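Let's take a walk through this one together. Keep the sequence and the 3D view open as you read.

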Amino acid sequence: MKSQTEYLTFNTKSRRDYINITGKIEEIVRKSGIQEGICLVNAMHITSSVYINDAESGLIQDFDDFLEELAPHEPISKYRHNRTGEDNGDAHIKRTIMGREVVVAVTKGRLDFGPWEQIYYAEFDGRRPKRVLVKVIGE
Ligand code: ZN
């Protein structure tokens, strides 16, 4: 069995951002040389997510609006977590709604997606370096 482990770092300019990382993950799978296996991609922080969905700008804005409705960033005082002196109570909740990781099958050396599936990194408390783990295992 072969394995390849890589860490990607994102430092977004805004508090929230949605970044299509499909190309970067495909490159890691290609580099691994693995033909048949599994690719895990997970956010390593509890205020960001990795998810799979459509690369369509309207939908991305819909996700952001939906998350802001459920867990608005302000007022900061709304969240007990922010009594610790942090201001990211909303980001922890958004992360848990959107998920921690995705797993994609690798078939014949390629990510075996369904139609329109793309891998996204979702940032909910950015403006600092944050990491994503990519692990490909197989043969
Ligand atoms: Zn926090």
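The tour goes from a metal site to a helix and then to a strand.

This is a predicted model, with local features needing pLDDT of at least 70 and side-chain atom pairs counting only at pLDDT 80 or more, while totals for chains, interfaces and linings use all residues. Residues are numbered from 1 along each chain as its sequence is written, and side-chain values use heavy atoms, with hydrogens and water left out.

Start at the zinc ion. Its protein donors are His81 (NE2), Glu86 (OE, listed twice), Asn88 (OD1) and His92 (NE2), at 2.0 to 2.8 Å. Donors here are N, O and S atoms within 2.8 Å of the metal (3.2 Å for Na, K and Ca); water is not among the atoms, so sites may look incomplete. Along the chain, the spacing reads H-x4-E-x1-N-x3-H. Asn88 is buried at 3% relative accessibility, whereas Glu86 is partly exposed at 35% (buried is under 20% relative accessible area, exposed over 50%, partly exposed in between, with a 1.4 Å probe and protein chains only).

Now for helix H1, residues 22–32 (helices are DSSP runs of H or I, at least four residues, and strands are runs of E, at least two, numbered from the N terminus). Thr22, Ile25, Ile28, Val29 and Ser32 are buried. They sit on the same side of H1, because their arc around the axis is only 125 degrees, taken from the directions from the helix axis to the C-beta atoms. Glu27, Arg30 and Lys31 are exposed on the other side. Just after H1, Gly33 has a positive phi of about 75 degrees.

Last stop: Glu101, in strand S5 (residues 101–107). Glu101 is partly exposed, at 37%. Beyond its neighbours within four places in sequence, Glu101 contacts Leu40, Val41, Asn42 and Val50 (heavy atoms within 4.5 Å).
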